[in-house]
Amino acid sequence: MPAHDYGADATELMETYDFLMKYIIIGEAGTGKSCLLHQFTHNTFKEHSQHTIGVEFSSRTIKLGEKRIKLQLWDTAGQERFRSVTRSYYRGAAGAILVYDITNRASFVNLSRWLADARALASSQLVTVLVGNKSDREDDREVEWAEASRWAAENDLHFLEASSLTGDNVEAPFLLCARSILLAIESGTLDPEKAGSGVSYGDRALRRVSSSSRLSFGSLSGSGTRRGSKLRLPGYGGKCC
Ligand SMILES: Nc1nc2c(ncn2[C@@H]2O[C@H](COP(=O)(O)OP(=O)(O)O)[C@@H](O)[C@H]2O)c(=O)[nH]1
Ligand SMILES: [Mg+2]
């Protein structure tokens, strides 16, 4: 095989996506952030979850309509002593999953502090989804759905309840967040080429160039170059992969 073919094979093996988005998962310790993330990335409940030390990183690629989106997921420790470390990871996040525990009122009352931190440090167009976790523990509920929903509306957040234990509604916050970010790109309020936006273009278009040997980015949107192109956005409920 000629030497130049090795390069082509390597390109084929690379994971490809249209967008890379950085998310942070924040909220009080013990609310189930690590379990929520584990359920999202592994489809199983994380038994014997330990306190997160500082920050842990994982990723998953989702599909929204035609778009493949790689989510870079930063799971932060909720404990006070890690606060200064975790805050440094907020920078340049496009999405935040803000978690409280429906059976722990204090974790709800403290949300405004977490939100203020995230809004001060992450991307100026940060999209935040509020998640009331542990919805399987209805008998121990301390925060009513209506109260949380009202608070979310007042603070311009998406909101839903989920259970990392049963898997109920676990994918929705991640997809909802990605869809809102895509909408912001589509409307021109968020520019992926701007530093600190928390979003960047993937290599999917480049891969097509390498396999077809034609210099065209039309495959990304079907309408011209990447920079000024309009994105066709799918309806919510896009399939995950
Ligand atoms: N019943 C129930 N327990 C959960 C759920 N999610 C997490 N937990 C439990 O809550 C505790 C804290 O979870 P963890 O993910 O480590 O919280 P974190 O500190 O926010 O990362 C652990 O004992 C989990 O087993 C859930 O959806 N339902
Ligand atoms: Mg944790």
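In this predicted model, strands E1 (residues 19–26) and E4 (residues 95–101) run parallel to each other and are joined by four bridges. A convenient place to see this pairing is Ile25, whose bridge partner in E4 is Ile97. E1 also pairs with strand E3 (residues 67–76), again in the parallel sense, and here the count is seven bridges. Within that pairing, Met21 stands opposite Leu71 of E3. A further partner of E1 is strand E7 (residues 199–201), which runs antiparallel to E1 and is joined to it by three bridges. Met21 takes part here as well, with Val199 as its bridge partner in E7. Most of E1 is covered, seven of its eight residues being buried.

From E4 the pairing can be followed onward to strand E5. These two strands are parallel and share seven bridges, among them the one that makes Leu130 of E5 the partner of Leu98. E5 is joined in turn to strand E6 (residues 158–161) by four bridges, and this pair is parallel too. Val129 of E5 faces His158 of E6 across that pairing. Between E5 and E6 the chain passes through helix H6 (residues 145–154), giving a β-α-β crossover that is right-handed.

How E5 and E6 are covered is worth a closer look. In E5 (residues 127–133), seven of seven residues are buried. The cover extends to both faces of E5: Val127, Val129, Val131 and Asn133 are buried on one side, and Thr128, Leu130 and Gly132 are buried on the other. E6 reads differently along its length, as its side chains alternate. Phe159 and Glu161 point to one face of E6 and are buried, whereas His158 and Leu160 point to the other face and are not buried.

Helix H5 (residues 111–121) offers a clear case of a helix with a covered side. Its residues Leu111, Trp114, Leu115 and Ala118 are buried. Viewed down the axis of H5, the buried residues fall within an arc of 95°, so they line one face of the helix. The general geometry fits this picture: an α-helix has 3.6 residues a turn, so residues three or four places apart point the same way. On the other side of H5, Ser112, Arg113, Ala116 and Ala120 are exposed. As for what the buried residues of H5 pack against, the partners are E1, E4, helix H4 (105–109) and E5.

Ala93 lies in the loop between helix H3 (83–87) and E4. It counts as buried because 26 C-beta neighbours lie inside 10 Å of this residue, where the cut-off for burial is 20 or more. Although Ala93 and Ser123 are 30 residues apart in sequence, their C-alpha atoms are 5.5 Å apart in space. Ser123 is also among the contacts of Ala93 once neighbours within four places in sequence are left aside. The other residues in that set are Lys22, Tyr23, Ile24, Ala122, Leu126 and Gly198.

Turning to the bound molecule, 18 residues surround ligand 1, and those that come nearest are Gly32, Lys33, Ser34, Cys35 and Ser49. Helix H2 (residues 33–42) gives the most to this shell, contributing three residues. Sorted by class, the shell around ligand 1 holds 11 polar residues, four charged residues and three nonpolar residues.

Taken over the whole chain, the model has eight helices and seven strands. The chain contains 241 residues, of which 37% are buried. Among contacts between residues at least 6 apart in sequence, 73% join residues at least 24 apart. The pair Ala93 and Ser123, 30 residues apart in sequence, illustrates this kind of contact well, as Ser123 is one of the residues in contact with Ala93.

Notes: Residues are numbered from 1 along each chain as its sequence is written. Chains are lettered from A and ligands numbered from 1 in the order in which they are written. This is a predicted model: local features need pLDDT of at least 70, side-chain atom pairs count only at pLDDT 80 or more; totals for chains, interfaces and linings use all residues. A residue is buried if 20 or more other C-beta atoms lie within 10 Å of its own, exposed if 12 or fewer, and partly exposed in between; C-beta atoms are placed from the backbone. Two strands pair if DSSP finds at least two bridges between them. A crossover is right-handed if, with the strands pointing away from the viewer, the path from the first strand over the helix to the second runs clockwise. A residue is near a molecule or strand if its C-beta atom, placed from the backbone, lies within 6 Å of it. Ala, Val, Leu, Ile, Met, Phe, Trp, Tyr, Cys and Pro count as nonpolar, Asp, Glu, Lys and Arg as charged, and the others, Gly among them, as polar. Two residues are in contact if their C-beta atoms, placed from the backbone, lie within 7 Å. The arc is that of the directions from the helix axis to the C-beta atoms.
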